[in-house]
Amino acid sequence: MRRLYQAQDEIEAQLLSDYLAASHIPTTVLGRYQSAAAGELSALAFPSVWVLEDRDLPRARVLLAEFLQRRQGPGGAAAWHCECGEQIGPEFDLCWRCGRSRPP
Ligand SMILES: [Zn+2]
């Protein structure tokens, strides 16, 4: 098991974990509850995403780069436009109006 990424918060860690799961890379999020347990904030308290299988790590790193690029995007939010005309937030892969997936 290898650590892939230290997230800023639990939500980001979970989003990344879900993103990798969609590409059939099993991961686990560690450190979720450490800050509460330790009673203080520290760098170690941030949740991190771990790749369970070492052989998945190179592919996971590529996906991580995509994930970060997609979230930050040029100018902050990289919203995309669905074929139906709806504008979708960068964190969504599916159109909430018609259900189409994000174009490649
Ligand atoms: Zn749509």
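At 6% relative accessibility, Phe67 counts as buried in this predicted model, so it makes a handy place to start looking around. Its ring partner is Tyr19, which is also tucked away: with a relative accessible area of 14%, Tyr19 falls under the 20% cut-off and is therefore buried. The two ring centres sit 5.6 Å apart, and the planes meet at 45 degrees, so this pair is described as tilted. An angle of 45 degrees is neither under 30, as stacking would need, nor over 60, as edge-to-face would need.

What makes the contact worth a second look is where the partners come from. Tyr19 belongs to helix α1 (residues 10-22), while Phe67 belongs to helix α3 (residues 57-72), so the pair ties together parts that are 48 residues apart in sequence.

Two aromatic pairs turn up in the structure. Besides Tyr19 and Phe67, there is the pair of Phe92 and Trp96, which is edge-to-face, with 5.5 Å from centre to centre and 90 degrees between the planes. Phe92 has 38% relative accessibility and so counts as partly exposed, whereas Phe67, at 6%, is buried.

Tyr19 and Phe67 show up again in the lining of the largest pocket. This pocket holds about 170 Å³ of space. Alongside those two rings, the lining includes Leu15, Asp18 and Ala22, as well as Arg70 and Arg71. Pro90, Glu91, Asp93 and Arg102 are also part of the lining. Helices α1 and α3 are the elements that give two or more residues to it, and α1 supplies the largest share, with four residues. Sorted by character, the lining has five nonpolar residues and six charged ones, with no polar residues. Both domains take part: domain 1 (2-72) and domain 2 (78-104) each provide at least three of the lining residues.

Away from the pocket, there are strands to follow. Strand β3 (residues 48-51) pairs with strand β1 (residues 2-6) through four bridges, and the two run antiparallel. Within that pairing, Arg3 stands opposite Trp50 in β3. Strand β2 (residues 27-30) is likewise joined to β3 by four bridges, again in an antiparallel arrangement. Here Val29 has Val49 of β3 as its bridge partner. Strand β3 thus has pairings with β1 and with β2.

Methods: Residues numbered from 1 in each chain as written. Predicted model: local features only at pLDDT ≥ 70, side-chain atom pairs only at ≥ 80, totals over all residues. Heavy atoms only, no water. Phe/Tyr/Trp six-rings, centres within 6.5 Å; stacked < 30°, edge-to-face > 60°. Buried < 20%, exposed > 50% of the residue type's maximum accessible area, 1.4 Å probe, protein only. 1 Å grid on protein atoms, 1.4 Å probe; cavity = no way out; pocket = protein on both sides within 12 Å on 5 of 7 lines; lining within 4 Å. Points joined across faces, edges and corners; volume = space filled by probe spheres on them. Nonpolar A, V, L, I, M, F, W, Y, C, P; charged D, E, K, R; others polar. Domains from an automatic or database assignment. Pairing = 2+ DSSP bridges.
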